[in-house]
Amino acid sequence: MERAAFPSDPSMLAAFHSSLANVANLGANDIYAWYLANLSPVASAPDLKLNLVYPCTEAHIKKYSPQTVRVVTETPEIYAKYVRPYMQRKRENGRLDWVYNITEGRKEQEDIILRASRDLGKDQEGFLLLPDMNWDRKTMASLRILGLVERHDLWSLRDLKQTDVKWLKRVQEKIMDAVERIYGVEKDLLKLYVHYQPTYYHFHIHITSTQHEPSATQAVLKAFSLPNLIAQLESLSSPSASLADTTLTYTMGDVSELWTEVFLPLKEGKTPYQGSAVAATSE
């Protein structure tokens, strides 16, 4: 059984909020808030999960708008010259405040499932787990958990180096142990993956149940399996080598700024927008 699509008529959408009942807040952080609700006041259990972004930006509207998905190939040269500066711009002006609110203990602390404190030693860095905003926190078949690292030098999978392999393996094992212990989901029923391009440029890991019906965010050329990334890192030619040195093929929507500013101009033989000059190195 599946829910039919919500009506998209503006008058129907304008009246939608008045039909909600038993609205319960799950939490809030910066411009994001999450709720459970019913369409009927007599319902015994929530039948809606609501994600509110207020005030939303043009980027949020583009993200959730219908769009054509394009396949692009990003060479190390394109990454260094155009994509890395784009990432830098997207990290500025407080865009990651909501992440730091969590990792630095100001918001959503009651939701944290596990906090692995940062230890001394280059191979041991802290991370934490919390429920994904798209999970109802009850249905194990649709389990979705977010892993946020405390390191600020990792913007995306491009920053991973061969020297990070031991750390990544340790993080992967701790995540799987914690989910199995807390939720009773066996390790071979879990998928761990990383997005490229991610929604925000602070390295994070997605954890879902294998029973969860794949969405567009888990599609081929969008979600990169963490075990496969580790294996790829192990095969690099030297300890100093990173995924910034490889060519990646992935998908993106054609209303995204990365498409309109970088890959569409490249497709048309034009010079992409570069913004201010930014060195192609980590923090």
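This passage walks through the overall build of the chain, one of its helices, some unusual backbone spots and its aromatic pairs. The structure is a predicted model.

To start with the big picture, the protein chain is built from seven helices and 11 strands. Its C-alpha trace spans about 60 × 50 × 35 Å along the principal axes. A compact globule of 283 residues would have a radius of gyration near 19 Å, and the protein chain has 20 Å, so the two agree. Buried residues account for 43% of the 283 residues. The chain also brings together residues that sit well apart in sequence: of the contacts between residues at least 6 apart, 61% join residues at least 24 apart. As for the outside, the accessible surface comes to about 14,900 Å², and carbon and sulfur atoms supply 54% of that surface. The chain carries 32 positive and 35 negative charges, and the mean positions of these two sets are 3 Å apart.

Next comes helix α7, which covers residues 257-267. Its buried residues are Leu-258, Trp-259, Glu-261, Val-262, Phe-263 and Pro-265. What do these buried residues pack against? They meet two strands and a helix, namely β4 (69-74), β11 (248-253) and α3 (76-91). After α7 comes Gly-269, which has a positive phi near 75°.

The backbone has a few spots worth a closer look. Most residues other than glycine have a negative phi, and most peptide bonds are trans. Against that background, the bond joining Tyr-54 and Pro-55 is cis, with omega about -5°. Pro-55 belongs to the loop that runs between β3 (48-53) and α2 (58-63). Another cis bond leads from Tyr-196 to Gln-197, again with omega near -5°. Here the setting is the loop between β8 (190-195) and β9 (204-209), where Gln-197 has its place.

Then there is phi. Asn-93 is not a glycine, yet its phi is positive, at about 60°. Asn-93 sits in the loop between α3 and α4 (97-103). With a relative accessible area of 74%, over the 50% cut-off, Asn-93 counts as exposed. Arg-137 is not a glycine either, and its phi is positive at about 70°. The loop holding Arg-137 lies between β6 (127-131) and β7 (144-149). Arg-137 has 25% relative accessibility, so it counts as partly exposed.

Finally, the aromatic rings. The structure holds six aromatic pairs. One of them brings together Tyr-86 and Tyr-201: the ring centres are 6.4 Å apart and the planes meet at 85°, so this pair is edge-to-face. Because Tyr-86 lies in helix α3 and Tyr-201 in the loop between β8 and β9, the pair ties together parts that are 115 residues apart in sequence. Is Tyr-86 buried or exposed? At 8% relative accessibility, Tyr-86 counts as buried. Tyr-201 is buried too, with a relative accessible area of 4%.

Another pair leads back to helix α7. The rings of Tyr-250 and Phe-263 have centres 6.3 Å apart and planes at 90°, so they are edge-to-face as well. Tyr-250 comes from strand β11 and Phe-263 from helix α7, 13 residues apart. Both Tyr-250 and Phe-263 are buried. This fits with the packing of α7, whose buried residues pack against strands including β11. Elsewhere, ring pairs link Tyr-32, Trp-98 and Tyr-200 into a cluster.

Methods: Residues are numbered from 1 along each chain as its sequence is written. This is a predicted model: local features need pLDDT of at least 70, side-chain atom pairs count only at pLDDT 80 or more; totals for chains, interfaces and linings use all residues. Side-chain values use heavy atoms; hydrogens and water are left out. Buried means under 20% relative accessible area, exposed over 50%, partly exposed in between (1.4 Å probe, protein chains only). Helices (H or I, at least four residues) and strands (E, at least two) are DSSP runs, numbered from the N terminus. Contact means heavy atoms within 4.5 Å. The radius of gyration is taken over C-alpha atoms; the globule rule is 2.2 Å times the number of residues to the power 0.38. Accessible areas come from the Shrake-Rupley method with a 1.4 Å probe; for residues, only the protein chains shown count as cover. Lys and Arg count as positive and Asp and Glu as negative; His and the chain ends are not counted. The place of a charge is taken as NZ of Lys, CZ of Arg, CG of Asp or CD of Glu. Rings of Phe, Tyr and Trp (its six-membered ring) pair if their centres lie within 6.5 Å; planes under 30 degrees apart count as stacked, over 60 as edge-to-face and the rest as tilted.
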